[in-house]
Amino acid sequence: MTWTCPCSRSRFRWLRRLCSLVCAVAGCCSLPASRAQNINLDKPLQSIDDDITGFAYAPDGRIVYSARRLFKTKLYDLQRDDIWLQEGNGKRHRLLAGEKFIRGNAPFTYTVGSYRWSPNARLILAQLFTTSVVDDAGKTEDAFMTLVLDDNGKEIRPGGLDSVIKDSSNASWLQDNSTIIYLTEVVKPHILFSFKYMNISTGPVGPAFDGRTFLDVDYIPRTNLAIAVERDRNLSGPPRLQRLDLLAQDNKELATLDGYEGGISVSPTAKMVAYYIDKEVLEVRDLTAPNRVARVRIGLGSFQWSPDETRILLKRAMEKKSGDLVWVDLPPLATMPSAVANQNIPVSQPIPTPILHSLAFRDFAISPDGRFLALVAPGKRNLLVFPLPSR
């Protein structure tokens, strides 16, 4: 039995064109019907018709997103994204007008890469990638910084200072909805980082885990805990997986890793963590029994956990690059005796299950309740929301 791809009949021109190309190359419209995903791409539950550069679900299901905005000055063409909030009822309002967001006299441009909501879903951290003109000759300088604002668009100024935390990335909130913890670069370019604190009432607090350096971190929702990959400043030792208590500044080492390529992600129940140990292999580890491990060869990409934690939804491209989405079933975790070297852990090679008819998307997210899938299309990057398909 064969089926006809519904994208070929879509009212979205980019879907029809992309469908024609994919079907011509891969023959996706002749896939067995049993492999088809039951999403009608022509009927999204929500659609934001704009040039989306980044977005994130709030704990209560609202969506904060940024839209690309270009404008000209006498000397430069600039981009400064607008930031918008879409409510659960579909209404939306602008939180920040990028053209009016000015810092000093020097021309600068920025794009919003990611967002992080506070536990009470009232405060937002927006990570900005900025390019600023630093001299009269037009020399530019790139930087990461974090903008703090509330869900009404008011800029929050920690300690009465600037609403932007300079030289910061991967910022998050502690459970008091007041303390911000973030990474700052210590070994360039973007190799090793250290932690710092900021409080919206008192301002800068100082370093956390002073003197230690980390490759990456993922924060565990509804806690003051995080799972991080630590490595010494000289890069002489192996990466080590650590459980961090961000409030007490205490830690527990979980495992020594063969390698670390990125993508660390804690599962929804915080029982497992997954990360790439190289450009091909994803390692999954039990956080309650760290010697229980599985490895799966899927290729480097960006992924999110399914609500039941039995599989991941993988975009077969890096962050902010377009790629198709596939479900990957995770193998059972096996207990590895301490005497067995990590290199002897078996690597499974599951067959990915295509989703959305093998079309490519630039960004995606599963809603906090696991019911919806939000997608950013390539080209003019609309944001579309659909029910998340089950097996």
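The chain of this predicted model is built from one helix and 32 strands, where helices (H or I, at least four residues) and strands (E, at least two) are DSSP runs numbered from the N terminus. Local features were accepted at pLDDT of at least 70 and side-chain atom pairs at pLDDT 80 or more, whereas totals for chains, interfaces and linings use all residues. Residues are numbered from 1 along each chain as its sequence is written, and side-chain values rest on heavy atoms, with hydrogens and water left out.

Of the 391 residues in the chain, 51% are buried, a term that stands for under 20% relative accessible area, with exposed meaning over 50% and partly exposed what lies in between (1.4 Å probe, protein chains only). Among contacts (heavy atoms within 4.5 Å) between residues at least 6 apart in sequence, 47% join residues at least 24 apart.

The structure holds nine aromatic pairs, a pair being rings of Phe, Tyr and Trp (its six-membered ring) with centres within 6.5 Å, counted as stacked when the planes are under 30 degrees apart, edge-to-face when over 60 and tilted for the rest. One of them joins phenylalanine 101 and phenylalanine 108, whose ring centres are 6.4 Å apart and whose planes stand at 65°, so this pair is edge-to-face. Phenylalanine 101 also pairs with tyrosine 110, with centres 5.7 Å apart and planes at 80°, so that this pair too is edge-to-face. Phe101, Phe108 and Tyr110 form one aromatic cluster; phenylalanine 101 and phenylalanine 108 are buried, and tyrosine 110 is buried as well.

Several loops carry backbone features that call for separate mention. Most residues other than glycine have a negative phi, and most peptide bonds are trans. Lysine 188 and proline 189 are nevertheless joined by a cis peptide bond, with omega about -10°, and proline 189 lies in the loop between strand S13 (179-187) and strand S14 (192-199). Alanine 270, in the loop between strand S20 (262-266) and strand S21 (272-276), has a positive phi of about 65° although it is not a glycine, and this alanine 270 is partly exposed, with a relative accessible area of 22%. A positive phi, near 65°, is also found for glutamate 309, which is placed in the loop between strand S24 (302-305) and strand S25 (311-315) and, at 12% relative accessibility, counts as buried.
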